[in-house]
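Here's a quick look at one protein model and its ligand. Have the sequence and the 3D view open as you read.

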Amino acid sequence: MTQTKACLFDLDGVIVDTAIYHFQAWRRLANELGFDFTEHQNEQLKGISRMESLELILNWGNITLTETEKLDWATRKNSWYLDLVMQMTPNEVLEGVPEFLKSLQEQNIKIALGSASKNSKLILEKIQMLHYFDAIIDGNNITKGKPNPQVFLLGAEATNTQPAECVVFEDAVAGVQAGKAAGMTVVGVGSPEILTEADIVITSFKEMSVDRLP
Ligand code: B16
Ligand code: MG
């Protein structure tokens with residue numbers, strides 16, 4: 001019998017791969033400002049907030065902007081990104097995720113989102129996953145980004161559980177650190193060589209089941 005009362009899921013890289021759409025939109029911004037960056041550099045933007053991502057990208061292009069200009073470009077990037085999000089379909093949900101969420105519901109284990117994105121509800125709607133979630137904590141609720149534990153502590157609060165009863169699912173190093181700092185068990189989704197601080201690492205939710213929860 002599992003002691004876990006809530007599972008807290010990151011969005012990008014765990015439920016669905018939105019990184020490809022962020023990349024396209026950020027790249028368009030860079031190109032309009034007269035430079036380019038690679039998919040390899042894009043890796044550094046995963047799990048990082050919109051404005052922090054913009055700062056990194058402007059640095060790569062050696063571009064200095066005023067605060068107002070930064071906000072304008074971030075808004076423009078977000079509208080390009082949303083054009084892509086609007087075309088998303090349930091086929092894009094990562095393998096094994098719906099089956100695992102269903103099994104959590106059957107065991108009365110709470111399900112919450114813990115994401116840096118301000119667009120998480122819309123994305124969950126487009127991929128028809130919103131109905132699984134008992135709570136959504138995202139970029140609209142938090143004041144401190146990962147690796148700060150705030151997003152996951154708010155997830156525990158929203159599901160009326162204690163941190164020690166929560167399991168976090170994360171694909172980013174900063175997200176794994178946030179889950180550990182919150183005092184939670186962390187399942188890394190990706191490579192064990194990268195997610196070294198996670199308690200266990202899976203490569204896909206096809207490997208995950210309720211009996212692997214603590
Ligand atoms: P938005 P996660 C993160 O999602 C993305 O990984 C990151 O690339 C993005 O900048 C951030 O959300 C903010 O997204 O611009 O939609 O508010 O991994 O925390 O679910
Ligand atoms: Mg992520």
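## Ground rules

Helices (H or I, at least four residues) and strands (E, at least two) are DSSP runs, numbered from the N terminus. This is a predicted model, where local features need pLDDT of at least 70, side-chain atom pairs count only at pLDDT 80 or more, and totals for chains, interfaces and linings use all residues. Side-chain values use heavy atoms, with hydrogens and water left out, residues are numbered from 1 along each chain as its sequence is written, and chains are lettered from A and ligands numbered from 1 in the order in which they are written.

## Two loops worth a look

Pro147 sits in the loop between β3 (135-137) and α7 (150-158). The peptide bond that leads into Pro147 from Lys146 is cis, with omega near 15°.

Over in the loop between α3 and α4 you'll find Asn62. Asn62 isn't a glycine, yet its phi is positive, at about 55°.

## How α3 meets α4

The axes of α3 (residues 50-60) and α4 (residues 67-85) are 10 Å apart and make an angle of about 110°. That makes the two helices roughly perpendicular (the class for 65 to 115 degrees). Axes here are lines fitted to C-alpha atoms over the stretch in contact, with angles from 0 to 180 degrees between N-to-C directions.

On the α3 side, Arg50, Met51, Leu54, Glu55 and Leu58 make the contact, and α4 answers with Lys70, Leu71, Ala74 and Asn78 (contact means heavy atoms within 4.5 Å).

## Around ligand 1

Three residues place an atom by an oxygen atom of ligand 1: a polar side-chain atom of Asp10 at 2.9 Å, a polar side-chain atom of Ser115 at 2.8 Å, and a backbone N or O atom of Leu45 at 3.0 Å.

Methods
Angles under 35 degrees count as roughly parallel, over 145 as roughly antiparallel, 65 to 115 as roughly perpendicular and the rest as oblique. A polar contact is a pair of N or O atoms within 3.5 Å; within protein, one must be able to donate a hydrogen and the other to accept it, and residues adjacent in sequence count only if both atoms are side-chain atoms.
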